[in-house]
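Work through the exercises below with the sequence and the structure open beside you, and try each task before you read its solution.

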Amino acid sequence: MSNKIWERLAAHFEATRRRPIASLFTENPRRFEEFSLSLDDMLFDFSKSAVDATARDLLLELAEDTNVLEKRDAMFSGVAVNRTEGRAALHTALRNRSDEPVFVDGSDVMPEVRETLARMADFTCDLESGKITASDGTAFTEVVNIGIGGSDLGPAMTTAALAPYHKNLRLHFVSNVDGAEIADLLKTLDAARTLFIIASKTFTTIETMTNAATAKAWIEAAVGRDKAARHFAAVSTALEKTAAFGIDPARVFGFADWVGGRYSVWGPIGLPLMLAIGADNFLEFLEGGFEMDRHFQTAPPAQNIPLMLGLTGIWHNNICGFGARAILPYDQRLARLPAYLQQLDMESNGKRITLADAEIARDSGPLVFGEAGTNGQHAFYQLLHQGSRIIPCEFLMAASSHEPQLQAHHDLLLANCLAQSEALMQGRSEKEVQPKTGMKPGDALHRTFPGNRPSITLLYRKLTPRTLGRIIALYEHRVFVEGAIWNVNSFDQWGVELGKELAAGLKPMVSGEAAIEGAKGSTGGLLRAIAALRAGS
């Protein structure tokens with residue numbers, strides 16, 4: 001990969017860094033039209049960034065130089081792009097709504113994908129119709145998904161996002177190994193009406209299996225050990241382990257190792273979402289993801305929303321030096337989206353070794369955080385507007401809500417979203433502050449806003465299953481584009497392994513089953529302090 005394009009991008013940034021973003025609109029009255037892209041009723045606006053025509057051309061040249069589109073095609077075709085694990089990354093196959101085959105190692109995986117999806121739909125319909133019942137023969141009303149990471153964030157986020165489409169089952173989620181979470185939830189549930197889904201591909205994830213054991217003991221105490229199995233289903237490929245746990249094989253839904261956890265909501269990991277919104281709406285969700293896939297595969301580079309979203313991220317992170325991004329959905333039902341994208345982005349591209357087995361030459365993934373508007377305005381927007389660091393913002397908003405009877409609420413919400421992006425760009429000078437406030441010059445400085453802070457906006461008609469599918473697929477592909485440019489593997493996550501190994505060794509010391517004399521330094525001191533505090537409690 002040539003460094004010349006990076007150097008030209010850096011030189012262009014240096015030459016234009018003091019140019020106000022607002023001036024780009026003055027210079028080009030058609031800037032909004034030229035720096036926004038559409039896919040049906042979804043609009044991606046990056047006009048309030050400092051990317052101009054020259055920067056856009058250079059970024060597209062960078063994508064060509066780093067073979068982003070060739071790498072995209074390799075991913076969709078089933079090549080083992082997850083090199084460190086020797087696997088394909090074919091989450092896109094889970095939402096393939098065409099009749100086209102998808103091959104892995106010479107075999108078409110689509111028949112198995114469709115069969116599993118049909119089994120999920122049958123299970124959902126049987127629960128809705130009462131064909132599948134609790135141990136006392138009556139209907140389930142509560143479903144608890146026990147998982148962690150991708151086995152929790154995806155279904156939890158999407159289920160909350162699509163609340164207007166919920167049917168009769170109430171969905172709950174447990175992920176933290178902290179016993180407080182499951183204890184507080186179980187207090188609110190009737191065991192006789194509750195179905196648990198244990199989501200763990202290997203059925204060995206320590207947090208998930210610890211919570212699963214607690215759930216099993218709770219159910220057995222309420223309905224009896226002989227009837228407890230009717231209150232469990234699993235998303236796993238470890239059939240021997242699920243059988244040993246007591247789960248009927250007909251209620252176990254597996255998925256292949258070419259689906260990474262944080263990319264897995266499209267398949268069996270999304271079973272809680274299907275149970276919440278029904279099989280038909282879940283298919284609409286898949287359709288939305290598939291439409292974004294097709295757009296990513298076929299749209300010309302300059303009109304390609306995932307590509308341009310990724311390139312804008314590269315511009316902000318690597319060229320401008322902005323090491324964070326704020327995800328700001330002005331859509332309360334997307335309140336969990338920042339956490340979801342935090343995992344998707346930071347677990348995928350939080351890497352320092354490239355696929356060439358060398359240290360990366362520049363920063364990889366940025367810090368990702370966020371909160372739903374307008375709550376975030378009363379929390380961290382102070383830093384966004386007046387802090388010493390510049391943090392690019394990504395706003396999401398729906399033109400219409402699901403509550404037409406509360407239109408005034410939605411109008412105020414959208415006005416706030418538009419105002420925040422405008423304020424970030426325009427700022428407010430001391431000369432503007434003084435006439436309005438009559439303050440002394442020094443005091444007026446505290447009410448100035450530097451402005452020139454970039455943002456992008458994703459606008460859509462309404463948050464429907466299809467729209468949500470498009471949004472998630474868009475951000476998946478954005479992560480892919482950025483990882484392809486940095487030449488990192490966006491599909492492994494070895495960074496979690498060391499902590500897991502150390503925790504396994506420390507657990508006996510915490511519980512008192514092993515001596516703590518071997519633990520040294522701060523860890524040893526903390527272990528002794530824990531023991532002393534417990535002894536005195």
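**Exercise 1. Describe the largest pocket: what is its volume, and which elements give two or more residues to its lining?**

Solution. The model is a predicted one, and the search starts with its largest pocket, which has a volume of about 1,300 Å³. Next, look for the centre of this pocket: of the 43 residues that line it, the closest to the centre are Ile148, Thr205, Val496, Glu497 and Lys500. Then assign the lining to elements, where α8 (150-161), α10 (206-223), α15 (337-349) and α21 (497-511) each give two or more residues. Among these, α21 supplies the largest share, with five residues. Finally, sort the lining by class, which yields 17 nonpolar, 15 polar and 11 charged residues.

**Exercise 2. Describe the second largest pocket: which helix gives the most to its lining?**

Solution. Begin again with the volume, since the second largest pocket holds about 470 Å³ of space. It is lined by 20 residues, and the closest to its centre are Gln332, Glu403, His409, His410 and Leu413. The helix that gives the most to this lining is α17 (residues 407-426), with five residues. Sorting the lining by class gives seven nonpolar, 10 polar and three charged residues.

**Exercise 3. Turn to the cavities: how many of 30 Å³ or more does the structure hold? What lines the second largest cavity?**

Solution. A general idea helps at the start: rolling a probe the size of a water molecule over the atoms shows where empty space is left. In this structure there are five cavities of 30 Å³ or more, and the largest cavity has about 150 Å³ of space. Of the 16 residues that line the largest cavity, Leu94, Glu112, Val113, Thr116 and Pro268 are the closest to its centre. Helix α7 (residues 110-129) gives the most to the lining of the largest cavity, namely five residues, and by class this lining divides into 12 nonpolar, three polar and one charged.

The second largest cavity has a volume of about 50 Å³. Its lining consists of Gly313, His316, Asn317, Phe322, Ala324, Arg325, Pro392, Glu394 and Arg478. Two elements, α14 (305-319) and β10 (324-330), give two or more residues to the lining of the second largest cavity, and the largest share, three residues, comes from α14. By class, the lining of the second largest cavity has three nonpolar, three polar and three charged residues.

**Exercise 4. Why is Cys417 not bonded to the closest cysteine sulfur?**

Solution. First count the disulfides in the structure, of which there are zero. Cys393 is in no disulfide, and the nearest cysteine sulfur, that of Cys417, is 10 Å away. A disulfide needs two cysteine sulfur atoms within 2.5 Å, so the sulfur of Cys417, at 10 Å from that of Cys393, is too far away for a bond. As a last step, check how covered the two residues are: Cys393 is buried, with a relative accessible area of 1%, and Cys417 is buried as well, with a relative accessible area of 2%.

**Exercise 5. Follow strand β5 into its sheet: which strands does β5 pair with, and what is the order of the strands?**

Solution. Start with the strand itself, β5 (residues 142-146), in which five of five residues are buried. In a regular strand the side chains alternate between the two faces of the sheet. Here Glu142, Val144 and Ile146 lie on one side of β5, with Val143 and Asn145 on the other, and both faces are covered.

Now find the partners. Strand β5 runs parallel to β6 (residues 170-174), to which five bridges join it, and Ile146 stands opposite Val174 in β6. Five bridges also join β5 to β7 (residues 194-199), again in parallel, and here Ile146 stands opposite Ile198. Going one strand further, β7 and β8 (residues 232-235) pair in the parallel sense over four bridges, where the partner of Phe196 is Phe232 in β8.

Putting the pairs together gives an open sheet of five strands in the order β6-β5-β7-β8-β9, with parallel pairing. The edge strands are β6 and β9 (252-253), each of which pairs on one side only. To finish, trace the connection from β5 to β6: together with α8, these two strands make a right-handed β-α-β unit.

Definitions and conventions. Residues are numbered from 1 along each chain as its sequence is written. This is a predicted model: local features need pLDDT of at least 70, side-chain atom pairs count only at pLDDT 80 or more; totals for chains, interfaces and linings use all residues. Side-chain values use heavy atoms; hydrogens and water are left out. On a 1 Å grid over the protein atoms alone, a cavity is a set of points where a 1.4 Å probe fits but cannot get out, and a pocket is an open set with protein on both sides within 12 Å along at least five of seven lines; lining residues have an atom within 4 Å of a point. Grid points are joined across faces, edges and corners, and a volume is the space filled by probe spheres set on the points. Ala, Val, Leu, Ile, Met, Phe, Trp, Tyr, Cys and Pro count as nonpolar, Asp, Glu, Lys and Arg as charged, and the others, Gly among them, as polar. Buried means under 20% relative accessible area, exposed over 50%, partly exposed in between (1.4 Å probe, protein chains only). Two strands pair if DSSP finds at least two bridges between them. A crossover is right-handed if, with the strands pointing away from the viewer, the path from the first strand over the helix to the second runs clockwise.
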